[in-house]
Amino acid sequence: MWFQGAGGCGNTTENGIKVYYNYDYQKEELNLNQRGCRQALLGHYTQIMQSIGLIVLIIWLFEVSELTGVRYIQTAMENVMRLGDPDSESDSWLLENNFADTARYNFNIIENLGKCYQMDDDPNIDVPSTSQQAQENVPVKQIPVAR
């Protein structure tokens, strides 16, 4: 039979009971943990994970609000620089186009990221470079060998 004492879960064998301070044999029903160790530990760690999740959510919301504010400042500063007057008022926005066009534009950028390293469409693939041509026309000086 399992019980939960001052330090956690334990077995009701003699060695298990002796390690817990104030274990009362007369009131064993008060000392017994009806749930068992698995449920007690699962409840404890679930509470810890919920606390961590709440903290992560709060930090994420702060980061999103900060990113939104920085985007507004960025677009306002770009408009001020275009006008050339730092004291003038300017408009600011989050997205230059609607959401669908912005998402499509960003997906195209992501899709084309690796294409700059592909060699299939290079028109100069079989043309020797100028450095190779220059090396072919340079006379090679022979170093005499002592005999």
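## Buried residues and helix α3

Student: What share of the 147 residues of the protein chain counts as buried?

Tutor: The share is 12%, where buried means under 20% relative accessible area, exposed over 50% and partly exposed in between, with a 1.4 Å probe and protein chains only. This is a predicted model, in which local features need pLDDT of at least 70 and side-chain atom pairs count only at pLDDT 80 or more, while totals for chains, interfaces and linings use all residues. Residues are numbered from 1 along each chain as its sequence is written, and side-chain values use heavy atoms, leaving out hydrogens and water.

Student: Why is Asn-79 called buried?

Tutor: Asn-79 counts as buried because its relative accessibility is 11%, set against the cut-off of under 20%. Within α3, the buried residues are Cys-37, Ala-40, Thr-75, Ala-76, Asn-79 and Val-80.

Student: Which residues does Asn-79 touch, not counting residues up to four places away in sequence?

Tutor: Asn-79 touches Ser-90, Asp-91 and Trp-93, a contact being heavy atoms within 4.5 Å.

Student: What makes residues 37-83 a helix, α3?

Tutor: Helices are DSSP runs of H or I with at least four residues, strands are runs of E with at least two, and both are numbered from the N terminus; α3 has 47 residues, so the run satisfies the helix minimum of at least four.

Student: How do you know what span to expect of α3?

Tutor: The expected span is 1.5 Å times one less than the number of residues, and α3 reaches 69 Å from its first C-alpha to its last, close to the 69 Å expected. Just after α3, Gly-84 takes a positive phi of about 85 degrees.
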